[in-house]
Amino acid sequence: MKPVRVTAPADAPVSLAELKQQTRVDFSDDDTILQAYLDAAVDHLDGWTGILGRAMINQDWRIDLMCWPAGGIVLPFGDVSDADITYIDPDENELVLGRGEYEVVETATGSMIRFRDSFSRPALFDDVSDAVQVTFTTGFGPAATDVPSALRVAIMLLAAHWYEHREGAEGTKIESVPLSVDRLITPYRRVFF
């Protein structure tokens, strides 16, 4: 059940202007490369493949399931604020599961969809890997100001570090992630047990 991002965040956690303040760059010649490092720093932290294991700014993701799982659906992210469930019935109709049939709850390890006691699992179309589709919104909120300051600072430090060390000398090992970045992000990383 690998999640797929359906809608990217509408905002970035850190703007180019903020990064330029961090790097003390007051000219526009390096804007393209600074933006590339900024985007790379966000990608390094954010989303399913990011080292945080979570989304920073609200974005929509989808998971596909072959059947109705017993007990509920464990979502691959925490901080889920909304979820919609569609399913394919035996006649190949795509139907929406009513919101009254489930709720999104936060657990110690993330978010999950818990079905109500009255939920009667509808029959599904066989032999498809996406008989049940869950689309959900995850993130700290819709704006950069919703992202914890420590994560915003970590993004700026990481992008600034890569900008500063963009031409490593032959045989010199350049630290890819400064220790300060690791310490800033550690409290926000999702840990899987």
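Here are a few friendly questions and answers about this predicted model.

Me: How many helices and strands does the protein chain have?
Reply: Let's walk along the sequence. The pattern reads β-α-α-β-β-β-β-β-β-β-α-α. In total, the secondary structure of the protein chain comes to four helices and eight strands.

Me: What radius of gyration does the protein chain have, set against a compact globule of 193 residues?
Reply: Start with the spans of the C-alpha trace, which are about 60 × 35 × 30 Å along the principal axes. A compact globule of 193 residues would have a radius of gyration near 16 Å. For the protein chain, the value is 20 Å.

Me: Is strand S7 mostly covered or mostly uncovered?
Reply: Strand S7 covers residues 110–115. A residue counts as buried when its relative accessible area is under 20%. Five of the six residues in S7 are buried, so by that cut-off the strand is mostly covered.

Me: Which residue in S7 is the bridge partner of Ile 73?
Reply: Ile 73 belongs to strand S3 (residues 73–74), which runs antiparallel to S7 and is joined to it by two bridges. Strand S6 (residues 102–107) also runs antiparallel to S7, with six bridges between them. From S6, Val 104 pairs with Ile 113. The partner of Ile 73 in S7 is likewise Ile 113.

Me: How many residues lie between S6 and S7 in their hairpin?
Reply: S6 takes in residues 102–107, and S7 takes in residues 110–115. The hairpin they form leaves a gap in between, and its length is two residues.

Conventions:
Residues numbered from 1 in each chain as written. Predicted model: local features only at pLDDT ≥ 70, side-chain atom pairs only at ≥ 80, totals over all residues. Heavy atoms only, no water. Rg over C-alpha atoms; globule rule 2.2 N^0.38 Å. Buried < 20%, exposed > 50% of the residue type's maximum accessible area, 1.4 Å probe, protein only. Pairing = 2+ DSSP bridges.
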